[in-house]
Amino acid sequence: RMSVKSLPALAADLALAPDAAAALRAVHEELSGADRNTGLVLLTVDPRRNALVNKQLASTDGAGDGALPPHALLALDHLPPTVQYAVLAGQRFADVGDQGSQYARLLGVEAGVGDFRLLLKGIVFEGALAAALALYDSSRRSGAKLLERATPLATLFELAYARFYERDARFEAVAALHDVTNRMRAEHASAASGLEREVERLRAAQRAGTSDVVHRLRDAIGAAERRAIAAEQRLVAVEGQVVNAVDRLERAHVQLHQQDTTLRAQTELIRELETRLAEAEGAAQPASS
């Protein structure tokens with residue numbers, strides 16, 4: 001049985017652990033120091049597949065890209081209902097029963113050839129399953145003593161894991177915030193650049209439109225000036241024609257007046273000749289009788 005002093009010492013070691021892997025090694029060494037047939041394995045949760053994953057196995061197998069070997073994953077739905085509920089509650093270790101060896105092989109835990117016992121305990125934060133501890137005993141001789149040794153160790157590890165979990169969550173939140181900020185900045189820069197291009201295009205179109213209007217106005221003014229000059233020339237020509245016509249009309253009036261005067265003089269002369277001729281005829285008739 002573990003002494004009371006060993007728990008504070010282990011708690012101090014866990015407080016100095018740099019990450020969850022180092023904390024798990026300390027707890028595993030403390031647990032397996034008394035019995036090499038027992039040990040603890042940390043299982044993370046894959047929410048997309050609703051499964052427990054042995055990522056330590058993946059790292060030792062050389063899957064550097066995060067890909068997991070097929071036997072390093074155990075779906076929660078494949079567990080017995082009582083074990084599944086206990087894991088999700090995270091309050092105690094639950095024994096998976098006679099199928100412990102099969103589940104251990106799915107998780108990549110060496111089950112051996114003899115009797116094998118596998119117990120699972122969920123690590124719950126804020127009502128959600130964050131990870132789980134797999135406690136195994138390949139001798140099945142420990143019985144109740146195994147849980148007596150493992151339970152306080154698991155509790156200490158959960159406290160350490162909570163610190164790492166919160167730290168990682170903060171890092172992930174900061175990284176997510178940076179990603180969102182960078183994406184928003186990129187979108188803002190892209191939108192601003194697009195607006196600048198659109199404004200420049202509108203300005204160019206406005207300048208081009210203004211130039212076209214000026215050219216059209218200049219052409220219209222030139223055409224109006226040409227029409228005015230042509231109209232003035234036509235007016236001058238008409239005025240000349242009117243002056244010539246008036247001059248000819250005046251000369252015609254003078255000629256008509258002269259012709260009328262001559263005609264009146266000739267008429268008076270004829271009347272006078274007719275009067276004299278009549279007088280001469282009247283004087284000649286008495287003389288002949």
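Here is a short chat about this predicted model, covering its confidence and two of its residues.

Visitor: Hi! What is the mean pLDDT of the chain?
Guide: This is a predicted model, and the chain has a mean pLDDT of 76. Of its residues, 85% reach 70 or more.

Visitor: Where is confidence lowest, and where is it highest?
Guide: The low end is helix α3 (residues 55–60), with a mean of 51. Helix α4 (residues 81–89) is at the high end, at 87.

Visitor: And which stretches have pLDDT below 50?
Guide: Residues 1–5 are below 50, and that stretch has four contacts in the model beyond near neighbours in sequence. Residues 57–71 are also below 50, with 18 contacts counted in that way.

Visitor: New topic: where is L14?
Guide: L14 is part of helix α1, which covers residues 6–16.

Visitor: Is L14 buried or exposed?
Guide: L14 is buried, because its relative accessible area is 2%, and the cut-off for buried is under 20%.

Visitor: OK, so what is L14 in contact with?
Guide: Setting aside neighbours within four places in sequence, L14 is in contact with A23, A26, V27, L156, F157, A160 and R163.

Visitor: How many residues apart in sequence are L14 and L159?
Guide: They are 145 residues apart in sequence, yet their C-alpha atoms are 8.9 Å apart in space.

Visitor: Now R117. Which strand is that in?
Guide: R117 sits in strand β5, residues 117–125.

Visitor: Why does R117 count as buried?
Guide: Its relative accessibility is 15%, so R117 counts as buried.

Visitor: What does the R117 side chain join up with?
Guide: The side chain of D95, through a polar contact of 3.0 Å.

Definitions and conventions:
Residues are numbered from 1 along each chain as its sequence is written. This is a predicted model: local features need pLDDT of at least 70, side-chain atom pairs count only at pLDDT 80 or more; totals for chains, interfaces and linings use all residues. Side-chain values use heavy atoms; hydrogens and water are left out. Helices (H or I, at least four residues) and strands (E, at least two) are DSSP runs, numbered from the N terminus. Buried means under 20% relative accessible area, exposed over 50%, partly exposed in between (1.4 Å probe, protein chains only). A polar contact is a pair of N or O atoms within 3.5 Å; within protein, one must be able to donate a hydrogen and the other to accept it, and residues adjacent in sequence count only if both atoms are side-chain atoms. pLDDT is the predictor's confidence in each residue, from 0 to 100. Contact means heavy atoms within 4.5 Å.
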